[in-house]
Amino acid sequence: MMASKERILLKISGGALSSAGETYDEQKLLDLASQIKDLQKNYDVGIVIGGGNICRGRERKIKFLSSFYRDYMGMASTVLNGFVLQGALSYLKVKSRLFSSLEIERISEKINLSEVEKTLNSGEVVIFSGGLGEPCFSTDSAAFIRAIEIRATKVLIGKSGVKGVYNRDPKSFLDAEFQPSISYDRLISEDIRILDLPSLLLAKENNLTLLIFNQEENLCFIKALRGEIDLSIVR
């Protein structure tokens, strides 16, 4: 009988798939897929993907689009990103299944926890898309709920432009101090906005361990698990 592997969940932003002026960057996608292929040797891998490379907030300027419409646009964009990532994985001969909270036949499968479990147990990568299928929830919340569902021991979160958590916004305050380790209680009490509050409360209540790091670092997910890059551990 095959020994069970540790389960991890990667929270990948849409920005990790793109480059300046391009919705998709082929090399970034292949590099990311290559990392996932390497991680798959030692871990059961679940992925929650964002949609910021497609819905960047400009749609807020369209007056007739309510937040309800914008939220569904964002969720739909994550399905498209999941489909593209699945294509990159397939190119590297990595088996994966794309699940979605939204009904989009022929592209994704409706989330079914029994099927998700079978997929992970078979050694395939699981890609979650479509957020939670309802407006008003962030991709962070979706990531933590999926991590809880698959019993992930760690959630890896790549951020743009920062190497982890600071005691205040490093882009606004030159004296901001990097926090290699920080508690949920401190994040909440000091209103450190690395993640939205409902997501933090959810993660805290379920004792999730978060690894937060700069997604622009080469091989960031692999190095984060090996402790080879600067990162913040939240627990």
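Helices and strands are taken as DSSP runs numbered from the N terminus, a helix having at least four residues and a strand at least two. In these terms, E124 falls in the loop that joins α3 (113–121) to β5 (125–129). The structure described here is a predicted model. With a relative accessible area of 22%, E124 is partly exposed, because the buried class is reserved for residues under 20%. When neighbours within four places in sequence are left aside, the residues in contact with E124 are Q40, V45, K95, S96, R97 and T119. From E124 to R226 the separation is 102 residues in sequence, and the distance in space, C-alpha to C-alpha, is 22 Å.

The chain as a whole is divided into two parts, with domain 1 covering residues 1–152 and domain 2 covering residues 155–234. Taken over C-alpha atoms, the centres of domain 1 and domain 2 are separated by 20 Å. The size of an interface is often expressed as the accessible area that is lost when the parts come together. For domain 1 and domain 2, the area buried between them is about 1700 Å², and 67% of it lies on carbon and sulfur atoms. The contact involves 21 residues on the side of domain 1 and 19 residues on the side of domain 2.

Polar and charged pairs also occur across this interface. Between domain 1 and domain 2, 9 residue pairs are in polar contact, with both residues at pLDDT 80 or more. On the side of domain 1 that touches domain 2, at least two residues are supplied by each of β1 (6–12), α1 (26–39) and α4 (139–150). The greatest contribution to that side comes from α4, which gives 6 residues. Sorted by class, the side of domain 1 that touches domain 2 holds 13 nonpolar, 5 polar and 3 charged residues. The rule for salt bridges finds 1 such pair across the interface of domain 1 and domain 2. A salt bridge is formed by the side chains of D38 and R226, with an N to O distance of 3.9 Å.

Salt bridges were next considered over the whole structure. Side chains that carry opposite charge can pair when their charged atoms come close. A search of the complete model finds 17 salt bridges. One of the pairs is formed by D140 and K11, whose closest N and O atoms are 3.2 Å apart. This pair links distant parts of the chain, since D140 belongs to helix α4 and K11 to strand β1, with their positions 129 residues apart in sequence. Both D140 and K11 are buried.

A further salt bridge joins R97 to E109, the closest N and O atoms here being 2.5 Å apart. R97 is part of strand β3 (residues 96–100) and E109 is part of strand β4 (residues 109–110), so the pair ties together parts that are 12 residues apart in sequence. E109 counts as partly exposed, with a relative accessibility of 30%. In another salt bridge, the side chains of D175 and R168 meet at 3.2 Å, N to O. Both partners are classed as partly exposed, D175 at 47% relative accessibility and R168 with a relative accessible area of 34%. In addition, R7, D44, E117 and R151 are joined into one network by salt bridges that share partners.

A buried residue in a helix was also examined. T78 is located in helix α2 (residues 67–91), and its relative accessible area of 4% places T78 among the buried residues. A polar atom of the side chain of T78 lies 2.7 Å from the backbone nitrogen of G130. Apart from neighbours within four places in sequence, the residues in contact with T78 are I49, G50, G51, S129, G130 and G131.

Finally, two residues in loops were noted for their backbone angles. C136, in the loop between β5 and α4, has a phi near 80°, which is a positive value in a residue other than glycine. At 71% relative accessibility, C136 counts as exposed. D191 is placed in the loop between α5 (184–189) and α6 (197–205), and its phi is also positive, at about 55°, although D191 is not a glycine. With a relative accessible area of 47%, D191 is partly exposed.

Technical notes: Residues numbered from 1 in each chain as written. Predicted model: local features only at pLDDT ≥ 70, side-chain atom pairs only at ≥ 80, totals over all residues. Heavy atoms only, no water. Domains from an automatic or database assignment. Contact = heavy atoms within 4.5 Å. Buried area = accessible area lost by both parts, 1.4 Å probe. Salt bridge = Lys/Arg side-chain N within 4 Å of Asp/Glu carboxyl O. Polar contact = N/O pair within 3.5 Å; in protein donor to acceptor, adjacent residues only side chain to side chain. Nonpolar A, V, L, I, M, F, W, Y, C, P; charged D, E, K, R; others polar. Buried < 20%, exposed > 50% of the residue type's maximum accessible area, 1.4 Å probe, protein only.
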